[in-house]
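Student: Please take one helix of this model and go through it closely. Begin with the chain as a whole, so that the helix has a setting.

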Amino acid sequence: MHRRITVFTFQVLKSPSIIPTQATQLYSQLNPFARGTNGFALFRLFSFTPVHRRVPDPDDPMNLMKEDGVSVCSQMWVENFREPDRLVSNLISYLRRFELWVLAYQKVCADEIGSYVPRSSITRSALEDLLALRNAVLDNRFKWGARLEFFIKSPKDKTDYESLSKRKIKAILTTTQPAPFQDKLVQEVLLMILEPIYEARFSQKSFAFRPGRNAHTVLRVIRRNFAGYLWYIKGDLSPILDGLKVGLVISALMRDVRDKKVIDLIKLALVTPVITSPIDGMEKKKKTKRKYQKKKVLAEDEPKPDPYWLETFFGFAPEEAEKLPSWGHCGILSPLLANICLDELDRWMEGKIKDFYRPSKSDVIWNSPEGEAEQGNTSWPEFVPTSGPDKTRKMDYIRYGGHILIGIRGPRADAATLRKQLIEFCDQKYMIKLDNESLPVEHITKGIMFLDHVLCRRVVYPTLRYTATGGKIISEKGVGTLLSVTASLKQCIKQFRKLNFLKGDREPDPQPCFRMFHATQAHTNAQMNKFLSTMVEWYRYADNRKKVVNFCSYIIRGSLAKLYAAKYKLRSRAKVYKIGARNLSRPLKERKGQSPEYQNLLRMGLAESIDGLQYTRMSLIPETDYTPFPSNWRPDHEKALIEYIRLDDPKTLEEQKGCIQEQGLVSPQDYISMLVWNYKRNAIVMDQLSLVKSAGLLSSSNRENDDPKNKEQEESEERLHASQIFVTRIMDNITAH
């Protein structure tokens, strides 16, 4: 190698013409003292190291990623919403997509370590383990609930399972353990594949465990659509959420999905037993003396626990939202599987709604044959007008998780018949035994409790104004009823008592919140303000929003006042309010004697600013949200998907063109050509001027005039005239087309 370089250098010095000319000129310009061949340039030339393209590693898992995982998910959502009724039989192609596995890894890691992991920061070893897990799932080598052998481990799991003692191994194999990291990955991938398939097929009557739908949506739908119903059936089907037979779940799943790999994977997750710790009630635990516990310091990759205000708000979850299904090793797939099974009930009820509808022309609402007409006053949809002698028979249905609500307009006998049919359907389809007590039939006047809100009727006396013949405005007072959706104060007291914030029923007495005893006044007030803000948002659509939020504020303020009285030894709440003000925003003394001024300490940065409690007065609480709710409501992501599919359809473009031509409007192509011509007019006007003159459209009487003063003026006038002629011709052509 060195000999070759020496020979080549000798040839260069002997005959410099073999060096490329451009390189020699470039390097000779760098040294002005060189003559002929530049020695410095030769040195730079030979010391240059050529850049070689890196050969891609065939074993690198990153080469399997052809596109982003989010775009793959978007394609699945668009395909399923474009053809929602097709039978899906080839899902293994999506199960092979490594992009979905990497996206699932990012999502599960965010839950595990509490921070998002960018794709570029995932190590190669983690990608190789993830690829091994994918191949194991495809080759039927994956086992749910593994305790010691893993294809991939959590980033925060540093345990060396090969060096564990027998006692620790026995404890891992026989006690309750959290779901393995690799199980969560497989669950996430299956959820990303199955969710778009069934979201395009699910009924619009179900609202739990679905994206874009929540309890607020249910309350708004009830206010919008349930105003004219007299009898209500409230059903509790929550035993279904505890678990169904594997055969029933698989048959419901195979109604739309016929991929054997996915079906077998879910069936194996349902069949594999979950190991739990044995519960021995006979053994009594020895009472141990409580030791001092040091303050726990979280690791860098350890997720923070829920703050106190959020944990407290979760305690306010209504009965309908308390239970979350967990079937076998399905994990986050369990809510989706529960909705798949209960979707058959939704479809059955939709058929019953169509069969039950009997319009009556003498009734003032729902008197059209289709049943889609607006009910009563469209600007006031919850208004319930008086009905005619022959009422329209109609019913509606809504489901939130395992709880259903059916509204019926008609005699009570129809409600009793429907209840009997519903009991038979649940017995045959889900093999659960229901009775009349679990499906009570109640009248609207008694009040129907759903999601901690009471549905009842409220009598109003509106003033009706209308124009009579002759243009005379007549005002009359009428009587009407409203469907009132109010928050249950009794249920609110029950939840506060469960959280140890008060005691007593008739006269609730706030109890001190000793959980925040060691926190500062500023931190305690901030936590309670967040809790109150969340409660204000929860009761957003309640008619008595001001009243119930004011009660919550009273309980929280009284609880904190008692806490501060015990902490700062002030003996009574009145003393706390006197020093700390009504909203507890002023600092309380920690010891006897005069303390420095708080404002001076705050200005110097030696004191923490204290925010007062919110909503201490009724006037500070926002009003109820009565925003109109559309009749055929859909979440925003479904609207975007449907609009995208509609615009992507070639028929839509043809319809747009046809409408434009029928109405005689200018097409978009003509507009674009016109704008382009206006931009280029100044550049091409001289070329067009000669064509205009040759056509004889301009006068040439002054063409022989050689006066230099008039030459520029003549040319400018000719340019303007030519521009006007061409604009006129283009507009004539556009109008003709």
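Tutor: About 45600 Å² of the chain is exposed, and 53% of that area comes from carbon and sulfur atoms. The model is predicted. Of the 737 residues in the chain, 40% are buried. The chain has 25 helices and 12 strands. Taking contacts between residues at least 6 apart in sequence, 73% of them join residues at least 24 apart.

The helix chosen here is H7, which runs over residues 124-138. H7 has 15 residues, and the distance from its first C-alpha to its last is 21 Å, close to the 21 Å expected at 1.5 Å a residue.

The buried residues in H7 are Ala126, Leu127, Leu130, Leu131, Leu133, Arg134, Ala136, Val137 and Leu138. An arginine, Arg134, is thus listed along with the leucines, alanines and valine. As background to such a list, an α-helix has 3.6 residues a turn, so residues three or four places apart point the same way. In H7, the buried set includes Leu127, Leu130, Arg134 and Val137.

The cover over these buried residues includes four other helices: H5 (92-96), H6 (98-113), H9 (181-199) and H13 (260-271). Just after H7 comes Asn140, with a positive phi of about 65°.

For a single buried position elsewhere, take Thr312 in helix H14, residues 308-314. Thr312 has a relative accessible area of 6% and therefore counts as buried, the cut-off being under 20%. Leaving aside residues up to four places away in sequence, Thr312 touches Leu499, Phe501 and Phe531.

Methods
Residues numbered from 1 in each chain as written. Predicted model: local features only at pLDDT ≥ 70, side-chain atom pairs only at ≥ 80, totals over all residues. Heavy atoms only, no water. Helix = DSSP H or I, 4+ residues; strand = E, 2+ residues; numbered from the N terminus. Expected span 1.5 Å × (residues − 1). Buried < 20%, exposed > 50% of the residue type's maximum accessible area, 1.4 Å probe, protein only. Contact = heavy atoms within 4.5 Å. Areas by Shrake-Rupley, 256 points an atom, 1.4 Å probe, with all protein chains shown as cover.
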